[in-house]
Every structure is written in structure tokens, then in C-alpha cells.
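Here are a few friendly notes to read alongside the model. Take the points one at a time, and keep the structure open while you do.

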Amino acid sequence: MRLCGRKLKVYFFSVGYIILLSAANPAVYAGNQNRETFQAAEALLQKKQFTAALARYEEVLTREPSFVAAYRGLIQCYASLGDPEGGSAFVESLYIENPDNAGINYGMGYALYRLGKYQQAASFFKRATELNPDLAEAWNNLAVIYHFVDRDYEKAREYYEKAIELGRCSHNKRVIDIAGENLAHLPREKVITPITDDLSLEDFLNRFIAFAEEGNKDKLQALVLGQRDNCQLAMDWLMQQVQKARSRQDEKSESGALTIARLLAGQYHQSFQSDDLSEKLDLYQGPTRQ
């Protein structure tokens with residue numbers, strides 16, 4: 001069931017990823033006592049009194065592990081005290097007691113994220129969304145991992161859109177704005193359409209060289225993808241030019257043909273995951289000129 005109207009708060013992750021990490025209204029998750037203890041911890045954290053703040057964050061979470069807002073401060077205190085693993089260990093002790101608590105799974109994800117264990121973090125964020133589908137922060141955090149770590153832009157897009165949907169449900173403009181900004185900067189997968197024109201070997205080589213001079217990698221890939229047979233013929237021709245140039249001791253022509261051949265071999269490998277042209281290059285090229 002959706003809990004529309006819940007207010008959420010945005011936090012920024014220190015390594016440059018925009019990430020949502022806690023809820024703004026602790027009273028949603030716990031009673032007034034925990035709320036007051038949490039506010040005291042936040043005040044101490046602002047004053048950089050990390051040991052005192054940590055004691056209060058632990059008090060809050062021991063009493064109510066679903067108090068999602070406290071995980072951020074808890075982990076920050078441990079890190080500031082020189083024990084980044086300590087936060088993960090504390091949250092893990094909560095997890096052992098209650099592995100099906102959405103807040104604890106969220107806390108595990110956050111702790112692991114701060115340790116750079118992104119895949120493990122993703123699994124806990126995912127579990128948190130399964131246990132509480134309205135946890136917009138977890139959807140956004142998953143999107144951030146897929147976006148910046150895995151480069152799985154399709155999955156990142158799906159989760160950003162989910163976070164925005166939940167943000168609209170809860171009338172949370174900041175969630176919408178941050179997830180929306182990440183979504184707007186999400187790269188789209190390029191669609192490379194192979195060039196399948198009926199090209200002569202000369203036409204193929206002229207286009208290949210022209211695209212290379214332009215520095216147009218997309219066109220090079222499209223050409224190679226659609227002209228596999230011509231790639232093979234072009235490598236044979238180029239290696240013949242290498243041999244002829246060597247026999248004339250024409251180092252400039254030899255170097256030019258080799259440069260094109262190496263580029264062709266690299267593009268062929270990228271397009272077809274095949275070393276056929278690289279092997280031909282090695283075979284024809286022979287010993288390097290001293």
C-alpha cells in the first residue's frame with residue numbers, strides 16, 4: 001500500500017553520486033523518544049562530537065531498527081572515528097536479529113555502499129524495496145549504482161522513474177528533482193546501424209580512411225559491422241602494400257598502411273570479438289624493422 005504524503009529528505013553522497021539516504025520525518029518510523037534522541041545525535045554530529053553522536057544513533061537503532069534516518073549519521077560517525085568497518089558490523093548485528101526488516105536492509109545497503117561494495121549494497125537496497133515498495137530512497141540508490149557503477153542505463157532509467165513516481169505520490173519535490181536530474185543526464189544506449197551497402201574494396205577502404213580521419217568511431221563501427229568480408233579483403237590488400245613498401249624501402253608508405261591495418265584489426269575485434277585480422281596482421285607484418 002502506498003503511503004502518499006510521506007515527507008522525505010535528500011542527502012548527498014560524498015563521492016559525487018547524488019543519492020537519497022534517509023527519511024526526513026523520523027516520527028514516521030519511531031516514537032517521540034527516538035525522535036528526540038535522533039535530533040540530539042544530529043546536533044552532536046554537526047558539532048563533530050562523533051563519539052557522543054554515535055552513542056545516540058546506536059541507541060535509536062537498537063530501539064527501533066526501522067528508523068531509517070539514523071543510518072546516515074551512524075555510518076558517518078564510524079567513518080569519522082577511523083573505523084569505517086564498524087558501521088557495517090553494527091548494522092549487520094541488527095540484520096542477524098531481523099533480516100526481514102526493510103529499514104535494516106536499507107542500512108546494510110548504505111553501509112556497504114560507503115565501503116565501496118556496490119554489488120552487495122545493491123542486493124540489500126533491492127531487498128529493502130521488496131519489503132517496503134514505497135521506500136523511494138532505495139529505488140534511487142539502486143538507480144545510482146546501475147547508472148554510475150554498472151553502466152546499466154536501462155535498469156537505472158527504470159529505477160529513477162520509480163523513485164520519481166514515489167516522490168510524486170509523497171509530494172516530495174526534492175526526490176523528484178534529484179532523480180529527475182540524474183535521469184536527464186543518463187546516457188542513452190547508442191544504436192549502431194551497420195552499413196550494408198554493396199561496396200567495392202576501394203569504396204570500403206576510402207570510407208574507412210575518411211571515417212578514421214574524421215575520428216568518427218560510430219561510423220567506423222557501423223562500416224565494419226556491415227562489411228565483414230571487405231574487412232578481410234582490406235587486411236590482405238593492406239598487408240600486400242606493407243610488403244611492397246618494404247621492398248622499396250618506402251618507410252612512409254609502410255607506416256601508413258600499417259596504421260590503417262592496426263585500426264582495422266582493432267575495430268574488427270570490437271565489432272565481432274574476433275582476432276582474425278590481428279592474426280593476419282601479425283602473420284603478414286613479420287619482424288619489426290630495426
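1. Let's begin with S271: is this residue buried or exposed? In this predicted model, S271 has a relative accessible area of 16%. Buried means under 20%, so S271 counts as buried.

2. Now look at the surroundings of S271. This serine sits in helix 13, which covers residues 251-272. Which residues does S271 touch, if we set aside its neighbours within four places in sequence? They are Q221, V224 and L225.

3. Step back to the chain that holds this residue. The protein chain has 290 residues, and 47% of them are buried. Its accessible surface is about 15,000 Å², with carbon and sulfur atoms supplying 48% of that area.

4. The protein chain contains 14 helices and two strands. Consider its contacts between residues at least 6 apart in sequence: 59% of these link residues at least 24 apart.

5. For a helix pair to study, try helix 6 (residues 118-131) and helix 7 (residues 136-149), whose axes come within 9 Å and cross at roughly 150°. Angles over 145 degrees count as roughly antiparallel, and therefore that is how helix 6 and helix 7 run relative to each other. Their crossing is left-handed.

6. Who makes this contact? Helix 6 contributes residues including Y118, F125 and K126, while W139, L142 and I145 are among those from helix 7. Sorted by type, the contact residues of the two helices are 10 nonpolar, three polar and one charged.

Key
Residues numbered from 1 in each chain as written. Predicted model: local features only at pLDDT ≥ 70, side-chain atom pairs only at ≥ 80, totals over all residues. Heavy atoms only, no water. Axes fitted to C-alpha atoms, helices over the stretch in contact; angles between N-to-C directions. Helix = DSSP H or I, 4+ residues; strand = E, 2+ residues; numbered from the N terminus. Parallel < 35°, antiparallel > 145°, perpendicular 65-115°, else oblique. Left-handed = near helix turned anticlockwise from the far one by under 90°. Contact = heavy atoms within 4.5 Å. Nonpolar A, V, L, I, M, F, W, Y, C, P; charged D, E, K, R; others polar. Buried < 20%, exposed > 50% of the residue type's maximum accessible area, 1.4 Å probe, protein only. Areas by Shrake-Rupley, 256 points an atom, 1.4 Å probe, with all protein chains shown as cover.
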